[in-house]
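Got your viewer open? Load the model below and keep the selection tool handy; this is a short walk through charged pairs and one helix.

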Amino acid sequence: WELIVVDDGSTDDSQDFLRTLHDPRIRSIRRERQGGPSIARNEGLAEARGEFIMFLDDDDLLRQNTLERLVSALRSHPDAVAAVGACRLFRENGDSIKVYHPARTYTGTIWREFLFGWWSNSGQNLYRIASIKEIGGFDPALLRAEDRRMWLDVAWRGRVCVLPFVAMEYRQHAGQVSKSPDVAPTRQRIWHEFIEGLPPSRQGEGRAIRRAADLVKRSENARAARTFGAALRMQLHACLIAPSLVASPLTGRPLWWGIKKCLLRVTEP
């Protein structure tokens, strides 16, 4: 293995700490001016010499043996472009929860699930480096949601291995880029651009998936407002217009949970 640390213009003692490391497998790239996550990751990508690559943010924790297990999955599935583990989310108050993830290993084409809104963060994912370089890495014009754009392009190109074990601990805190108010419109633009780039025969399906995602969000809001009949109709409509999501082990159970919550009159979104 090799570890490439990209220091994107830090102002703390990162460089002092890195100079204390004398393992030749660990290399550091120092950027004097901050360029943002896309540019920093692309610089690390350009220096990488391995067959596989992971992009681990500095506020997340990789669990022991994660790389070994993800590499094993990719070696067992030579047609897969990436392997994904589960995530445990740590909140600022110390609480933690395992983010929903299939209970069994699944290997399949999952661009539809990503388009719907299913997600896995960078440190959960191990990619074939060839698949990342094929799409040109991260879009340097994106300062937000750049990993979603990249994931959609990668997932379109091949199957992904989804494993049930917790691969990474994701720490929520006030300084996260994902909390920025312009993240949501950026994601909407990314989804729209991805659909417009699909073959014409797939664009209708892509739009239906985004309509289903919007219906699910509106259903959650309706439940919160205790209008359960409207919430149920929207949830059922979402399932009808995007049946592939209902059959998916990644999104099927949450969609059925939404129907159950409407029937049981659960108000939590």
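Before we click on anything: buried here means under 20% relative accessible area, exposed means over 50%, and partly exposed is whatever falls in between. Also bear in mind that this is a predicted model.

**Stop one: a pair inside one helix.** Select Arg 218, which is partly exposed with a relative accessible area of 43%. Now add Asp 214, also counted as partly exposed, at 41% relative accessibility. The two form a salt bridge, with 3.8 Å between the closest N and O atoms; the cut-off for such a pair is 4 Å. Both residues sit in helix α8 (residues 200-224), four residues apart, or about one turn of the helix. Why does that spacing suit a pair? An α-helix has 3.6 residues a turn, so residues three or four places apart point the same way.

**Stop two: one end of a strand.** Jump to Arg 159 and Asp 79. They make a salt bridge whose closest N and O atoms are 2.8 Å apart. Arg 159 lies in strand β9, while Asp 79 is in the loop between α3 and β5 (80-90), so this pair ties together parts that are 80 residues apart in sequence. Color by accessibility and you'll find Arg 159 partly exposed at 29%, with Asp 79 partly exposed at 44%.

**Stop three: further along β9.** Stay on the strand and pick Glu 169, then Arg 63. Here the closest N and O atoms of the salt bridge are 3.1 Å apart. Glu 169 belongs to strand β9 (residues 159-171) and Arg 63 to the loop between β4 (60-62) and α3 (66-76), so the contact links parts 106 residues apart in sequence. Buried or exposed: which is Glu 169? Glu 169 is buried, with a relative accessible area of 19%, a value that falls under the 20% cut-off. Arg 63, its partner, is partly exposed at 30%.

**Stop four: the wider set.** How many salt bridges does the model hold? The count comes to 23.

**Last stop: helix α6.** Select residues 146-156. Ten of the eleven residues of this helix are buried, so α6 is largely enclosed by the rest of the structure. Try showing the side chains: the buried residues include Met 150, Trp 151, Leu 152 and Val 154. Charged residues are on the buried list too, among them Glu 146, Asp 147, Arg 148, Arg 149 and Asp 153.

Conventions. Residues numbered from 1 in each chain as written. Predicted model: local features only at pLDDT ≥ 70, side-chain atom pairs only at ≥ 80, totals over all residues. Heavy atoms only, no water. Salt bridge = Lys/Arg side-chain N within 4 Å of Asp/Glu carboxyl O. Helix = DSSP H or I, 4+ residues; strand = E, 2+ residues; numbered from the N terminus. Buried < 20%, exposed > 50% of the residue type's maximum accessible area, 1.4 Å probe, protein only.
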